[in-house]
Amino acid sequence: MLEEDLQLARQMVAISSVSSSLEEENDGAAATSPGNSPKPLRRVLDLSERRKQFRRTRSLNAPSPVQQFGPCGRIMKNSAMVMQIQDPASQRLTWYKPPLTVLVIKKVSDASVLAPFVYLVDWLLQEKNMVVWVESAVLEDAQLNENVRFKAIRDKLVTFKDGRDDLTDRIDFIVCLGGDGTLLYASLLFQQSVPPVMAFHLGSLGFLTPFRFDNFEEQLTSVLEGHAALTLRSRLRCVMHRRSDRKHEAKTLEADPDGDARPAANSILVLNEVVIDRGPSPYLSNIDLFLDGKYITSVQGDGLIVSTPTGSTAYAAAAGASMIHPSVPAIMVTPICPHSLSFRPIVVPAGVELKISVSPESRNTSWVSFDGRNRQELFHGDSLRVTTSIYPVPCICAQDQISDWFASLADGLHWNVRKRQKCLDELSDLTASGSEDTLDEIENMKLYDV
């Protein structure tokens with residue numbers, strides 16, 4: 001509890017004992033002239049108002065801290081200071097104009113998704129009069145083209161091709177049908193601002209897909225009307241700096257010190273993690289890690305995972321990292337099989353910049369992958385810079401942020417599933433009955449031997 005809350009609580013206890021007497025003494029004056037009530041009564045009334053605000057509403061983040069420390073000290077104000085902390089529970093979706101275009105992403109090579117995909121697309125076209133976008137590869141599915149219902153709506157769909165068409169400012173809303181991979185693919189398609197994403201669980205794990213498809217009409221209608229909570233899943237902005245591009249790197253940093261005002265030509269935004277590993281080499285990776293330009297440590301082992309809170313339940317969890325709620329502003333740094341038992345995973349503030357490079361004395365190069373894609377080699381003299389992007393992925397909640405996350409932990413990972421311990425009364429009864437049975441059996445055995 002904060003010190004100011006403790007002081008407020010003490011004031012409540014001290015004044016509540018005299019509040020009733022003060023109210024009785026000033027009852028007549030308060031009745032005759034409510035606008036000119038005595039100062040002691042005003043103090044009680046002000047305190048009662050503050051008492052109502054004493055309990056904070058549920059929040060996943062800490063309250064905004066005070067900026068003054070003692071009589072003289074305070075935080076220096078500058079353009080880079082950010083002190084505003086929003087309660088994640090208050091983040092809700094709103095449309096300032098009705099959404100007209102929707103992108104439907106379905107899991108590939110899965111026949112079980114075909115029927116829900118056709119029903120959804122047909123409903124969006126006929127009932128909601130929306131413009132539906134799909135990837136061009138979807139229309140090449142042989143099983144889908146055999147569907148009679150799909151043949152009737154095939155020509156009404158708008159298609160795009162990944163890597164060729166830019167979807168920026170063309171899509172108002174995204175619907176994913178499948179597993180977590182569909183949400184990662186949506187993040188890959190939008191390397192800047194991402195439209196709201198509604199993910200239906202039709203895959204195998206479904207950790208990031210909270211919706212069930214049984215009553216999709218009701219759920220989609222509610223979301224399109226603006227009745228939904230949001231989880232803003234932060235992403236990492238990863239920029240590769242090649243040794244041959246140092247001059248270009250200096251110009252880029254000088255022209256854009258914030259780094260995220262505009263996307264660099266070689267930048268990639270990842271939703272889960274960026275992984276640096278030793279690749280096919282039999283030697284250990286030897287990677288230097290810098291934080292805001294300061295050398296931190298060298299990673300000697302199989303590699304390094306830099307992940308978002310969303311990615312903390314993916315590869316990082318398998319490597320021994322803690323699981324962090326997606327609303328927590330942080331970056332996780334997790335070693336992969338480090339050559340030191342004291343090298344534990346760490347969590348750093350979301351605003352820092354990490355620089356990762358191959359150590360000069362390393363016997364081999366390293367390899368980098370971004371959300372499991374775009375795998376490329378990191379040579380000596382190259383570096384990878386990672387920081388939190390200003391473009392999160394707004395994921396629509398089925399219930400709310402807390403319920404969805406803990407439900408995914410229970411369903412996807414069976415978190416903390418174990419047999420329950422018996423209570424003391426039940427245990428004592430079993431122990432007592434077991435002892436008596438054992439004594440009777442011993443006496444019977446003695447008589448039998450005689």
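The dialogue below asks how the labels on this predicted model are earned.

Visitor: What makes up the protein chain, in helices and strands?
Guide: The protein chain has twelve helices and 20 strands. Buried residues make up 41% of its 450 residues. The exposed area is about 26,200 Å², and carbon and sulfur atoms supply 52% of it.

Visitor: Why is Phe117 called buried?
Guide: Its relative accessibility is 1%. Buried means under 20%. Therefore Phe117 counts as buried.

Visitor: What does Phe117 touch?
Guide: Leaving out residues up to four places away in sequence, Phe117 touches Val104, Lys106, Val134, Val138, Leu144, Phe150 and Leu177.

Visitor: Why is the pair of Phe117 and Phe150 called tilted?
Guide: Take the distance, then the angle. The ring centres are 6.4 Å apart, and pairing needs centres within 6.5 Å. The planes stand at 45°. Under 30 degrees would be stacked and over 60 edge-to-face, so the rest, tilted, applies.

Visitor: What does that pair tie together?
Guide: Phe117 lies in helix H4 and Phe150 in helix H6, so the pair ties together parts that are 33 residues apart in sequence. Phe150 has 0% relative accessibility, so Phe150 counts as buried.

Visitor: What makes the pair of Trp95 and Phe173 edge-to-face?
Guide: The centres lie 5.9 Å apart, with 90° between the planes. The cut-offs are within 6.5 Å for a pair and over 60 degrees for edge-to-face. Both are met, so the label holds. Trp95 sits in the loop between strand E2 (73–74) and E3, while Phe173 is in strand E6, 78 residues apart. Trp95 and Phe173 are both buried.

Visitor: How many aromatic pairs does a search of the whole structure find?
Guide: The search finds nine. There is also an aromatic cluster, formed by Trp123, Phe200, Phe211, Phe213 and Phe216.

Visitor: Which residues have the most contacts inside the largest nonpolar core?
Guide: Val104, Phe117, Phe173 and Leu220 do, in a core of 36 residues. Elements giving two or more residues to this core include strand E3 (101–106), helix H4 (114–126) and helix H8 (216–224). H4 gives the most, with eight residues. A second, separate core has 25 residues, among them Met240, Ile268, Leu289 and Val333.

Visitor: Why is helix H7 said to be largely enclosed by the rest of the structure?
Guide: Count its residues. Eight of the ten in H7 (residues 180–189) are buried, so the description follows. The buried ones include Asp180, Leu183, Tyr185 and Leu189.

Visitor: How do you know that Ile171 is buried?
Guide: The value is 7% relative accessibility. The limit is under 20%. So Ile171 counts as buried. Ile171 is found in the loop between strand E5 (158–160) and E6.

Visitor: How far apart are Ile171 and Thr101, in sequence and in space?
Guide: They are 70 residues apart in sequence and 5.4 Å apart in space, C-alpha to C-alpha. Ile171 touches Thr101, and its other contacts include Val102, Leu103 and Trp133.

Visitor: Asp122 carries a charge-bearing name; is Asp122 buried or exposed?
Guide: Asp122 counts as buried, at 12% relative accessibility. The test asks for under 20%. Asp122 lies in helix H4. Beyond residues up to four places away in sequence, Asp122 touches Glu127, Arg149 and Ile153.

Visitor: How do you know that strand E16 pairs with E12 and with E19?
Guide: Count bridges. Pairing needs at least two. Five bridges join E12 (residues 285–291) to E16, and the two run antiparallel. Four bridges join E16 to E19 (residues 383–388), also antiparallel. So both pairs qualify. Ile287 stands opposite Val358 in E16. The bridge partner of Ser357 is Ser383 in E19.

Visitor: What makes E16 mostly covered?
Guide: Four of the five residues in E16 (residues 354–358) are buried.

Visitor: Why is Lys355 said to sit over the ring of Phe290?
Guide: The charged end of Lys355 is 5.2 Å from the ring centre. The distance cut-off is within 6 Å, so that part of the test is passed.

Terms used: Residues numbered from 1 in each chain as written. Predicted model: local features only at pLDDT ≥ 70, side-chain atom pairs only at ≥ 80, totals over all residues. Heavy atoms only, no water. Core = buried A, V, L, I, M, F, W, Y, C linked by side-chain atoms within 4.5 Å. Buried < 20%, exposed > 50% of the residue type's maximum accessible area, 1.4 Å probe, protein only. Contact = heavy atoms within 4.5 Å. Areas by Shrake-Rupley, 256 points an atom, 1.4 Å probe, with all protein chains shown as cover. Phe/Tyr/Trp six-rings, centres within 6.5 Å; stacked < 30°, edge-to-face > 60°. Lys NZ or Arg CZ within 6 Å of the ring centre and 35° of its normal.
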